[in-house]
Amino acid sequence: MRNKLVYVLCLLAAGILCWQLYNILLNLPNEKDQGAIYRIVYFHVPAIFTGFMGFFVALGASGIYLATRNLKYDAFAAAVTEVSLTFATIVLATGMIWGRIIWGIWWTWDARLTTMLVCWLIYAGYLMLRRAIDEPTQRARLSAVVSIFGCTDILIVWKSIEWWRTQHPAPVLSVRDGGGMAPGMESPIYWNWLALMCLAAVLVMIRMRQENMAREIDSLRRMAHSY
Amino acid sequence: MPGDERALEIDRVSKYYGHFPALRDIQLKIAAGSTLALLGRNGAGKTTLLRILAGLSKPSEGTVRVGGADVRDEKTRRRIGVLGHGISLYDELSAAENLTIFAQLYGYADPRKRAAEWLERVGLERVRDGLVREFSRGMRQRLAVARAFLHDPEILLFDEPFTALDDRAIAVLQGLLSGAHSAGRTIIMSTHQLREALLLATHVALIQRGQLAYTGERTPEMLEDPGYLYRTYGDN
Amino acid sequence: MGTTSVGSFFGSFLRDTLAIAAKDLRSEFRTKEALNASFAFSVVILVLFSFAFDPSSEQLQTISGGLLWLVFSFAGALILNRSFARELQNDCLDALISSPAPAGALFLGKAVANFVLLMIVELASLGVFGIFYDSRFGAQLGSIALVIALGTWGITVIGTMFSALTVNLRMREMMLPTLVYPLLIPALMAAMTLTTDLMNGTPFGKDNTIWLRVLTGFDFIYSILAVVFIDVVLIG
């Protein structure tokens, strides 16, 4: 049943992405100020959402793990964080490319990019910690605490940069530069959003299965060595 | 029943590392005043169990209670003394400072006085201001024992107490343990030194692959033939 | 002995916290290893930076806060790393955890000690900074001290917590900075901005009270989170 779900979501994601790719590249006209590159927004914005979801979901999953001590929640938190790291990388990369072409700079300390960067560093730290711990229960327990601390931090960073930027406006990689996009041009964002969510779900499910299996193998290995 | 409030009850304790059961369904009641020798091969689960009893680790399932109170309760921890592999003393502090800290943590109103009493009891009052770093091995072990017994614990937990001790130190420790036993203390020690441990023990428990393979009174046969238990209940 | 009223709980919690803090401070003042290393490191950074920036320039005014907090956080890492690691020698950590002192008191005691040590190094570094870079900040000294105290508490809370978390890991020295620095970003951003403003003579005003709020919010939230989760981290 699980396998079927994975395949269905995969096909759905692939289908939507192909359709939208066709739409974006061939049907839509160039945006008047930004030229061809604006199309990157159709991947940048959906990726932002999937990149950030990690910290809400992992925060919740880590909390539930600590309450129930069921290792499946730990596997879920790890899988979601890793997938979110991937999407955060996409956000940063697309943001940098866009910034380079539009503003001529590779990087700007705008609110969203900075928050995403901090997010990336915290996710990466979490994953590195997991690599450093062999024993599954200890790994789950410690990484749950790191996840809770890390995700709280991202909230603090987000809020504080928002407050700061409301007083000190700076170049913002915003899609609503001209005060909104033409109606026909907005829909690909939402479709891609859906596609990337399906893709994220697929990746999380596969990753979770890997985590669960790795844990079983670890236990079997311990049993073999102890007897 | 009298003495029950000092009994240690291990109720269906399990400890998992991932899915691997380091301890599985341990059910044991240790009567107050008894001396239990916890036997088992390396990796069987003795240290894991002792760490749970000492409050250093939480069981995955089950509870450990002393007189109805959980072993992690502050009141209960006051009644338990632990001596592990390390001496649990700070090298850069003096003997008196070390004991004073632990007397403070165990709630003594006059920690310095308590520390001084025990320094005298283990014969270290002349070096009370000497740094532990400069002590000889024997002196460090004596101070470690002082620290463990400092707060007059009713329950003593020892993890392989006879390991790496010379003959003289073994004799001293045996004296202390039998003294504690006479005073009605409950003693639990995990050990490989079968003979020394069995001499002092009133009860034995054999742990095998995380499970309790045997538990009961220590009989004279065990003393004559220390390997008997392992052969009968172990899987050698 | 004694009733377990809320008052007596807080009383003994405070006593335990102070006992642990005093122990850590006594240990460190006796050897001064971490203090010396930390201060030497901060002086080196300040010297190196003087080659990168012309000390008398305008440029310095805009980066003074950033520079100071970089120095503080890097030098602080040397002190924070040792915090729980010093307990590993001789198995002292086990003795502390199995004592009646709550894990929260253990954590707060160490955090207080770390805070004191960090403040000593930072105030000394601030003096060196004033000399090397001919910086005059006497007018805002009180406010600067407040910001330094708040920022240092943030570094201390996170650093001490993660010192506990990484204490048993084999890659401790690498994992501690990797985990701690990203988390400190909001606190450091706030502290850097406030310090730069204050050192340039701008007092607390509408513009930067936001950062003051961020800093106090950070300290408050993480102090609570740390005390809540220290038990899970140390015991299980």
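pLDDT is the predictor's confidence in each residue, on a scale from 0 to 100. The structure described here is a predicted model. In chain C, the mean pLDDT is 90. A value of 70 or more is reached by 97% of the residues of chain C. Where pLDDT is low, the predicted coordinates should not be read in detail. For the complex, the predictor gives an ipTM of 0.91. The pTM of the complex is 0.91 as well.

Chain A was examined for its fold. Its secondary structure comprises 6 helices and 0 strands. Read from the N terminus, the elements of chain A follow the order α-α-α-α-α-α. Chain A has 227 residues, and 38% of them are buried. Contacts in chain A were also considered by sequence separation. Among those with a separation of 6 or more, 81% join residues 24 or more positions apart.

The contact between chain C and chain B was then analysed. Chain C contributes 22 residues to this contact, and chain B contributes 27 residues. On the side of chain C that touches chain B, two or more residues come from each of α1 (6-31) and α4 (92-98) of chain C. The most is given by α1(C), with 8 residues. By class, this side of chain C holds 8 nonpolar residues, 8 polar residues and 6 charged residues.

Key. Residues are numbered from 1 along each chain as its sequence is written. Chains are lettered from A and ligands numbered from 1 in the order in which they are written. This is a predicted model: local features need pLDDT of at least 70, side-chain atom pairs count only at pLDDT 80 or more; totals for chains, interfaces and linings use all residues. Two residues are in contact if their C-beta atoms, placed from the backbone, lie within 7 Å. Helices (H or I, at least four residues) and strands (E, at least two) are DSSP runs, numbered from the N terminus. Ala, Val, Leu, Ile, Met, Phe, Trp, Tyr, Cys and Pro count as nonpolar, Asp, Glu, Lys and Arg as charged, and the others, Gly among them, as polar. A residue is buried if 20 or more other C-beta atoms lie within 10 Å of its own, exposed if 12 or fewer, and partly exposed in between; C-beta atoms are placed from the backbone.
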